Structures are given as structure tokens and as C-alpha cells.
Amino acid sequence: MCCDLKRRFLLLYATQKGQAKAIAEEIWQQAGARGLEADMHCMSEMDKYELETEKAPVVIVISTTGTGDPPDTARKFVKKIQDRTLPPDYFAHLQYGLLGLGDSEYTFFCNGGKTVDRRLQELGAQRFYNTGLADDCVGLELVVDPWIDGLWLALKEAFLMQKEKEGMSSVVNAVSSPTSAAPPEMHLNSEVENLKIEDEAVRSSLVASTIDSEPSLVHSVPPVSQSALNVPALPPEYIEVQFQDTHGENPHPSSLISEASTFEVPVTKAVQLTREDAMKTALLLELDIADTVFDYQPGDAFCVICPNSAKEVEELLRILGLSEKGECFVSVKVKQGTKKKGATHPQHIPERSTLKFILTWCLEIRAIPKKAFLRALVECTSDAGEKRRLQELCSRQGASDYARFIRDSNVCLLDLLHAFPSCRPPLNLLMEHLPKLQARSYSVSSSNLYCPGKLCFVFNIVEFPVCPARRVSRKGVCTGWLAELVAPLLHPNKNTVDTKRGNFSTGKITIFARPNNTFHLPADPSVPLVMVGPGTGIAPFIGFLQHRQKLREEHTDWEFGETWLFFGCRHRDRDYLFKQLRCFLANGTLTHLKVCFSRDSSTAEVAPPKYVQDVIRLYAKEVGRILLRERGYFYVCGDKKHMADGVSDAVVDILSMEMEADKLEAMKTLATLREEKRYLQDVWS
């Protein structure tokens with residue numbers, strides 16, 4: 001806090017997977033080049049800053065997690081400012097600018113940032129710069145880059161206002177232009193121009209490769225190929241990796257999880273729910289949790305700790321020239337003298353383990369590389385043409401190429417190393433830029449009341465087909481691993497490949513709880529409910545129905561509300577996942593079952609509806625009655641983009657019709673249902 005107030009601003013970030021932190025670090029770097037002191041802290045480090053007495057401008061970068069929650073690192077902060085006993089002028093002295101990160105695929109877009117923004121306003125804080133809301137669905141950089149560009153002028157004006165308030169006469173003139181050197185962006189601009197003008201061989205190859213051709217991952221076309229480029233500042237290195245001669249034990253992967261207790265449980269059953277000719281392969285797995293204290297409710301989710309593909313790890317080691325070093329222990333430390341602000345040892349990387357362990361269990365080697373990573377890879381690339389293309393992909397001029405050939409194509413580090421063979425990054429760069437390998441979340445598809453000691457879940461095996469930017473097809477990190485793991489259960493008579501990724505027992509997986517605070521059955525069983533779950537979105541509703549059936553058996557004197565289930569899939573005979581739904585219908589647990597099949601042909605004069613949102617419209621009066629007059633619950637689970645939004649639109653139309661109101665009024669009613677936790681979603685993109 002001893003920095004010069006005339007040039008200092010407080011920079012706070014709250015991150016879940018590292019995006020907000022990376023953006024805050026970019027702001028910190030640019031601030032230094034402009035003669036400013038960004039006092040940067042994670043929002044969770046509440047002992048290192050004090051907003052109650054903060055006089056300098058505050059810049060906040062905050063992400064959103066789950067279905068609209070602030071990230072874990074912001075929870076204490078949010079809880080503190082949500083205190084309703086705080087007076088309305090509590091932050092009247094504070095001026096701030098906020099950048100929120102989110103994904104419009106989810107209903108509560110940027111809700112983490114919006115929550116903080118709204119509450120700061122309620123407590124009297126003033127914005128010195130307009131709030132930015134960046135959308136990961138279309139590319140964060142579309143908002144982030146211009147927001148950062150405009151931040152410096154806004155800060156200059158905020159400093160001037162601050163001085164006027166303090167009655168100071170000196171003028172701040174060091175904000176809008178750098179003090180002693182051009183910002184990093186300008187240095188790089190010059191480098192690229194020199195590459196174009198002076199290296200004729202490079203220019204010739206670039207021109208030759210773009211004649212009569214389309215752009216691709218590895219080459220560009222005008223105007224990008226002929227532009228001087230604005231590329232990000234080179235991130236400072238901050239990790240040091242050293243090989244050791246010693247031997248020992250690797251930590252257990254569960255030791256990398258700090259947010260919950262983990263349980264290693266056996267897989268006792270595996271069933272393929274789809275036919276071999278179905279477009280997607282859906283599996284149901286049953287876990288034995290009888291010997292654990294793991295508990296859950298229908299509607300909850302849980303996480304599976306999974307490794308990267310052993311083949312991909314071996315391929316990465318081979319390309320990096322480290323095949324012989326995989327089983328060697330490495331020491332990972334913060335580099336002495338690093339220029340990175342607040343550099344710390346990454347919590348997800350052990351200080352000592354084998355290299356193969358780190359690549360298998362710690363780093364998300366399938367992560368889509370961020371522009372900062374591409375910028376760092378430029379320095380590890382020897383071929384001038386490849387170097388130029390990597391610069392283009394991380395530049396502002398190449399933003400559309402980055403979106404098309406990297407983000408939208410799900411390109412990962414391995415794809416880049418194949419596409420740019422002269423690129424050979426050192427290990428420390430991978431550990432600095434590859435994010436933590438995240439555990440994968442799945443909805444519970446069972447009831448502990450119905451089948452004690454068991455936990456079931458359903459998933460599709462994710463497929464990434466071959467494309468121009470990806471020369472081999474791949475399966476999802478976790479779903480592909482699980483499919484290999486249970487192959488002996490699915491095909492007991494076949495010779496199955498060795499499925500021991502990471503040297504852990506084939507029949508067990510490590511899980512931890514991820515309770516859902518809202519997506520549960522109503523506390524009052526007499527309340528009616530509507531469930532919409534096409535495809536694997538039906539998973540939590542199987543648990544709902546199992547639970548409701550058991551309650552009906554145990555409490556014959558209770559009153560139970562009607563239950564509706566809308567299910568859809570492509571083909572009745574290929575991917576109707578739970579034909580036993582009719583058993584729930586037969587015993588009265590399920591009152592109404594409505595199904596549709598989007599790819600089946602029909603000979604009927606009037607074609608049946610293809611999608612669940614179309615079927616829901618056929619029962620508008622019943623749905624309207626349940627939501628408006630009987631205060632029932634409406635649940636949606638499944639794909640956000642192609643289903644949940646369509647269902648939401650259908651419900652708005654139904655409410656409008658049943659209320660005899662315009663669409664705006666119906667949308668307000670749906671918003672009220674969401675607030676009352678009577679319209680609930682468990683969706684994914």
C-alpha cells in the first residue's frame with residue numbers, strides 16, 4: 001500500500017480456471033509499461049487490500065462458474081459485501097471498473113461479475129469506467145481487448161478527478177503514454193514488420209502459400225498475411241524445472257483435490273444404452289459406495305478425477321524429445337528473479353513427482369491454447385514462416401483466424417506441435433500455460449433410497465473427429481477413459497486393451513461430491529412437477545422417479561402430485577435410453593410420459609413433433625396450469641444451445657397464452673419462476 005497514490009490502482013481478480021487471472025496479469029503488464037503501478041491481488045487475499053479505506057481506483061476482473069455462481073476465490077468477498085446491515089454509503093468513496101467473464105450458453109451469463117457490480121452500486125461505489133461483459137461462447141477477446149484499450153484513458157480521468165478532490169495541483173501526464181519505452185505491443189509490432197520486409201524468403205513462402213488457397217491453421221491469406229501485427233506482450237517465465245536422479249513415490253491424484261473429500265470406489269456395472277448404429281454411444285455406470293460416507297440426493301452432481309490419455313502423453317514426450325525422461329522425477333520451483341507479479345508455485349503441480357505423472361494427472365494437455373501461450377510458443381519456433389503464422393494467430397489482426405482454426409476447432413497443444421514442427425517448447429512453458437486438469441462433473445442418475453450403497457450415472461462418449469486442424473480423431477478425456485476402463489464389463493469375452501492409465505487399478509475410479517443446492521425434488525411431495533430431459537439429459541430424472549417410487553411405497557398415506565416427463569432422442573430403436581420408463585408409468589410414479597424421435601420417418605398425414613420443445617407446446621394448458629395455478633416445478637436437463645433455449649421459448653409462449661399477456665410480461669413471469677427456484681436448469685454447452 002506504500003505505492004504513489006497518483007499512479008497506483010488496485011487490481012483484483014477472481015478466477016476459477018485461470019482466465020480472469022491471466023487477463024489481470026495482462027493488465028498488470030500493460031500498466032507497468034505505461035508508468036502505472038497495478039497493485040494486483042486475488043480477491044480471496046482479503047488481508048492484502050482494504051476496500052473500506054481504498055482511495056485509488058479499483059479494477060476488478062471476475063469470472064462466473066457453475067450456473068451463475070461467483071468463482072470459489074470470490075465467495076468470501078461476495079459474502080462480505082452481501083451483508084444487508086451495511087449502510088448504502090459504505091463504498092461511497094470507491095471508484096471502480098469491472099470486467100466480467102462468462103458464457104452466454106448459460107442462463108445466468110456473467111452473473112459473478114453482475115452480482116459484484118450490482119452490490120457495489122447499492123453500497124454507493126461509482127464506476128469510473130463502463131462494466132465489460134466478455135462472452136467465452138464467441139471469444140472473450142472480442143470484449144476483453146477493447147475494454148483494456150479503453151481502460152488507460154478512463155484511469156487517467158479517474159486519477160485527475162481524485163486529485164481535484166484532494167485539492168492537488170500537479171498534473172498526471174504519464175498515464176496515456178509509456179514512460180521510458182514503447183509498450184510491449186509496439187516492440188512486437190516492429191519485429192513483425194521487420195520479418196515482412198527484410199526476410200524475403202519468408203515473404204515469398206507466405207505469398208506462395210496463399211495464392212488461390214483458403215486460410216488454414218498453418219497459413220493465412222491477405223489481409224492478415226500482409227499486415228503488421230499487434231500481438232500480446234511476451235509473458236514472463238516464472239517456473240523452473242529440474243530433473244533429479246532420485247527415486248520415490250508419486251502422490252495419489254486425489255491429493256491434488258483440495259475442495260472436497262475424495263473416495264476411490266469400484267465400478268460394479270456397465271451397460272451400453274444405445275445400439276451400435278446409434279450416432280452417439282451412451283453408457284450407464286454403477287459405482288459401489290457402500291463402504292464410504294459418500295452421500296447424495298437425486299439431482300446432485302459429482303466429479304470424476306480422470307487422467308489424460310496415455311498415448312497422448314507418450315506422443316507429447318516423443319515430440320519434445322523426452323521419451324526417456326518420462327519416469328524421471330522433476331523438481332518444480334518458482335524461478336528466482338522472475339518478473340511475473342506475485343509468482344507462486346502452481347497448486348496443481350507437485351513440487352516433486354515424475355514428469356509423466358505431471359503430464360498425466362496435473363495438466364490439461366487438451367486445453368485450447370490461449371493467445372498468451374501462442375505468443376510464448378513463437379519464441380520456441382525456429383522456422384520463420386511458422387513463427388509468423390503463430391504471431392498472426394495470437395494477434396489482434398488474426399482474431400477471426402484464432403476463433404476459426406483454434407478455438408472453434410478444439411485444437412490442443414499436440415495439434416499445434418504437429419502443425420508447427422519447428423516449435424519445441426521447454427517444460428516450464430507447458431507448466432506455466434497449460435491449466436489444471438479438471439475433474440469432470442456428471443449428474444447422478446439414481447436414488448440412494450431406491451438402491452442403497454449404489455450411485456449410477458449416464459454419459460455419451462464424446463467424439464472429436466478428424467478435421468484439417470486435427471489429424472487424428474479423439475475421444476473425450478474422461479468419457480474416453482471411462483469407456484476403456486469398463487470395456488471388460490461391457491465385453492467380458494473380448495480381448496481388451498490395457499486400460500491402466502496412470503498405473504491405477506482398472507476397476508476403480510476416484511470421485512468427490514459436487515452437491516446441487518437447488519436441482520432437487522420439491523420438499524412437498526404433493527407439488528406437481530414437469531421434467532424435460534432429452535438424450536442423456538434424462539439422467540437426473542431417473543433418480544427423481546426412483547426416489548418418488550420408493551417414497552410412494554413407504555408412505556402410502558402421503559399425497560403425491562402429478563409428474564410429467566418429456567423425453568426425446570433421434571431414433572426409437574437406437575437411442576431410447578430408458579425404455580423401462582414405462583415401468584414408472586405402470587406403477588403410477590410417473591403420471592404422463594411424452595416422447596419424440598427427431599430422425600424417425602413417419603407415414604402419418606400430420607408429422608409428429610420432432611423435439612421436446614414442440615411436444616411441450618401441445619400440452620400448453622396443462623403446463624400453464626401446473627406453473628401458474630398449482631405452483632408446480634419445471635426442470636430442464638441437457639444441451640443448452642439446441643434444447644434448453646428452445647424449451648425456455650416454448651414456456652414463454654405458453655405463459656403468454658395462458659396469462660393472456662404479451663411476451664414481455666410472460667418473460668418477466670418466467671424470470672420470477674427462476675427466482676423462486678421453480679424453473680430449474682442443469683444444462684451444458
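**Entry 1: strands E21 and E22**

I looked up Tyr635 in this predicted model and found that its bridge partner in E22 is Leu680. I then examined the pairing of the two strands: E21 and E22 run parallel and are joined by six bridges.

I next asked in what order the strands of the open sheet stand. The sheet has five strands, in the order E20-E19-E18-E21-E22, and the pairing is parallel. E20 (592–597) and E22 stand at the edges; each has a single partner strand, so one side of each is left without a neighbour in the sheet. I also noted the turn between neighbouring strands of this sheet, which is 10° on average, direction ignored.

**Entry 2: helix H20**

I turned to the helix that lies across part of this sheet. H20 lies across E18, E21 and E22, and runs at about 155° to E21.

I checked the length of H20, which comprises 20 residues (640–659). At 1.5 Å a residue the helix should span 28 Å, and its end C-alpha atoms are 26 Å apart, which agrees.

Which residues of H20 are buried? I listed Lys640, Met643, Ala644, Gly646, Val647, Ser648, Ala650, Val651, Val652, Ile654, Leu655 and Ser656. These buried residues pack against three strands and three helices by name: strands E18 (529–532), E21 (633–639) and E22 (679–684), and helices H18 (612–618), H19 (620–629) and H21 (663–675). After H20 comes Glu660, and I recorded that its phi is positive, near 55°.

**Entry 3: two loop residues**

I located Pro522 in the loop between E17 (508–514) and E18. Its relative accessibility is 8%, so Pro522 counts as buried. Leaving out residues up to four places away in sequence, Pro522 touches Val527, Leu529, Tyr633 and Tyr635. Tyr635 is the residue I had already looked up as the bridge partner of Leu680. I also compared the position of Pro522 with that of Ser409: the two are 113 residues apart along the chain, and their C-alpha atoms are separated by 41 Å.

Tyr611 lies in the loop between E20 and H18. Is Tyr611 buried or partly exposed? At 39% relative accessibility, Tyr611 counts as partly exposed; the limit for buried is under 20%. Apart from neighbours within four places in sequence, Tyr611 is in contact with Cys596, Ser598 and Arg599. Tyr611 and Arg570 are 41 residues apart in sequence, and I found their C-alpha atoms 9.3 Å apart in space.

**Entry 4: strand E1**

I moved to the beginning of the chain and looked up E1 (residues 8–14). Seven of the seven residues of E1 are buried, so the strand is largely enclosed by the rest of the structure.

Which residues point one way from E1, and which the other way? Arg8, Leu10, Leu12 and Ala14 point one way, whereas Phe9, Leu11 and Tyr13 point the other way, and all are buried. This pattern recalls a general rule: in a regular strand the side chains alternate between the two faces of the sheet.

E1 pairs with E2 (residues 37–42) in the parallel sense, over six bridges. I found that the bridge partner of Leu11 in E2 is Met40.

**Entry 5: Thr65 and Glu286**

Thr65 is in the loop between E3 (58–62) and H2 (75–81). With a relative accessible area of 18%, Thr65 is buried. I noted that Thr65 touches Gln16, Pro70 and Pro71, not counting residues up to four places away in sequence.

Glu286 belongs to E9 (residues 282–288). It counts as buried, at 16% relative accessibility. What does the side chain of Glu286 make a polar contact with? The partner is the side chain of Thr268, at 2.8 Å. With residues up to four places away in sequence set aside, Glu286 touches Pro266, Val267, Thr268, Lys269, Lys454, Leu455 and Cys456.

**Entry 6: cysteines**

I searched for disulfides, and the whole structure has zero. A disulfide is a covalent bond between the sulfur atoms of two cysteines. Why is Cys303 not bonded to Cys478? The sulfur of Cys478 is the closest cysteine sulfur to that of Cys303, but the distance is 9.6 Å, too far for a bond. Cys303 is buried, with a relative accessible area of 6%.

Cys328 is likewise in no disulfide, and the nearest cysteine sulfur, that of Cys362, is 16 Å away. I recorded Cys328 as partly exposed, at 25% relative accessibility.

Notes:
Residues are numbered from 1 along each chain as its sequence is written. This is a predicted model: local features need pLDDT of at least 70, side-chain atom pairs count only at pLDDT 80 or more; totals for chains, interfaces and linings use all residues. Side-chain values use heavy atoms; hydrogens and water are left out. Helices (H or I, at least four residues) and strands (E, at least two) are DSSP runs, numbered from the N terminus. The expected span of a helix is 1.5 Å times one less than its number of residues. Buried means under 20% relative accessible area, exposed over 50%, partly exposed in between (1.4 Å probe, protein chains only). Contact means heavy atoms within 4.5 Å. A polar contact is a pair of N or O atoms within 3.5 Å; within protein, one must be able to donate a hydrogen and the other to accept it, and residues adjacent in sequence count only if both atoms are side-chain atoms. Two strands pair if DSSP finds at least two bridges between them. Axes are lines fitted to C-alpha atoms, for helices over the stretch in contact, and angles run from 0 to 180 degrees between N-to-C directions. A disulfide is a pair of cysteine sulfur atoms within 2.5 Å.
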